[in-house]
Amino acid sequence: MFGLEPSLPSKKALKDVPSWYLTNPSKEGFMYAAADGTSQSMQLAVDKARMTAVTNLSQMVKSEWSGYTKRVQEETGQGSESKLLDQFSVVRENTISNQLENIKVVQREIQVENSNGTRIYHAFILVEFDEHAAAAKLLAKIKADKEIYDAIRATELVQEMEDKVESYRERYK
């Protein structure tokens, strides 16, 4: 899905990766994104994973992509003395500007790893976005705005009627 699936760890670490990280759940009306993060601080590992998961989810909802790919191939010399230069570069930019609500962490797993005598926390996070709740909230906001508009408009109409009545009274005094 748009290249937003989590990157797969090495085969050595694969046995400890949660299944929901490798294959996100699928449920009507919900979107999911998984991510991981590592740090010597447990909270920072969790924060990194959550931020990445929410960013990935936000990209699925709405984002703008631009990119540039360049490949340069050059061969110098002749025959068996030739040298081939093959350079490939890719630049991608992704702009995200969403205000997402109704996102919650539905799975969290923290593993402790040892790297050269240093304790490293590896956090796996799965976040869920409830599309139905977002739509219901938007509908409620639209209805509330309409009620406010109707109330203001009604007040304006009452004021307009009172002004006309006052104008009428002034004419016949």
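This talk walks through one protein chain, from its overall layout to a few selected residues.

Good morning. Please keep in mind that the structure on display is a predicted model.

I begin with the layout. The chain contains four helices and five strands, and along the sequence these elements follow the order α-α-β-α-β-β-β-β-α. Of the 173 residues in the chain, 22% are buried. The accessible surface comes to about 13200 Å², and carbon and sulfur atoms account for 52% of that surface. As for contacts between residues at least 6 apart in sequence, 60% of them join residues at least 24 apart.

Let us turn to the aromatic residues. How many aromatic pairs does a search of the whole structure find? The search finds two. One of them is formed by Tyr21 and Phe124, in an edge-to-face arrangement with 5.1 Å from centre to centre and 80 degrees between the planes. Tyr21 belongs to helix H2 (residues 19–22) and Phe124 to strand E5 (residues 118–130), so this pair ties together parts that are 103 residues apart in sequence. Are Tyr21 and Phe124 buried or exposed? Both are buried.

Phe124 also appears in the surroundings of Gln107, a residue of strand E4. Leaving aside residues up to four places away in sequence, Gln107 touches Trp20, Phe124, Ile125 and Leu126. With Trp20 there is, in addition, a polar contact of 3.4 Å between the side chains. Gln107 has a relative accessibility of 35%, so it counts as partly exposed, the class between 20% and 50%. Its C-alpha atom is separated by 8.9 Å from that of Ala34, although the two residues are 73 residues apart along the chain.

A ring of another kind of interest is that of Phe30: the charged end of Lys27 sits over this ring, 4.4 Å from its centre.

I now move to Ser39, which is found in strand E1 (residues 30–39). Why does Ser39 count as buried? Its relative accessible area is 12%, and the class requires a value under 20%. Beyond residues up to four places away in sequence, Ser39 touches Leu44, Ala45, Lys48, Ile120 and Tyr121. A polar atom of the Ser39 side chain also lies 3.0 Å from the backbone nitrogen of Ser41.

Ala45, one of the residues touched by Ser39, is also among the buried residues of helix H3, which include Val46, Ala49 and Ala53 as well. Helix H3 covers residues 42–61, which is 20 residues. At 1.5 Å a residue, helix H3 should span 28 Å, and its end C-alpha atoms are 29 Å apart, which agrees.

Two loop residues complete the tour. Ser82 lies in the loop between strand E2 (64–76) and strand E3 (83–95). With a relative accessibility of 22%, Ser82 counts as partly exposed. Apart from residues up to four places away in sequence, Ser82 touches Glu75, Thr76 and Gly77, and a polar contact of 2.9 Å joins its side chain to that of Glu75.

The second loop residue is Asn116, located between strand E4 (103–115) and E5. Most residues other than glycine have a negative phi. For Asn116, by contrast, phi is positive, near 55 degrees. Asn116 is exposed, with a relative accessible area of 81%.

That concludes the presentation. Thank you for your attention.

Technical notes: Residues are numbered from 1 along each chain as its sequence is written. This is a predicted model: local features need pLDDT of at least 70, side-chain atom pairs count only at pLDDT 80 or more; totals for chains, interfaces and linings use all residues. Side-chain values use heavy atoms; hydrogens and water are left out. Helices (H or I, at least four residues) and strands (E, at least two) are DSSP runs, numbered from the N terminus. Buried means under 20% relative accessible area, exposed over 50%, partly exposed in between (1.4 Å probe, protein chains only). Contact means heavy atoms within 4.5 Å. Accessible areas come from the Shrake-Rupley method with a 1.4 Å probe; for residues, only the protein chains shown count as cover. A polar contact is a pair of N or O atoms within 3.5 Å; within protein, one must be able to donate a hydrogen and the other to accept it, and residues adjacent in sequence count only if both atoms are side-chain atoms. The expected span of a helix is 1.5 Å times one less than its number of residues. Rings of Phe, Tyr and Trp (its six-membered ring) pair if their centres lie within 6.5 Å; planes under 30 degrees apart count as stacked, over 60 as edge-to-face and the rest as tilted. A charge sits over a ring if NZ of Lys or CZ of Arg is within 6 Å of the ring centre and within 35 degrees of the ring normal.
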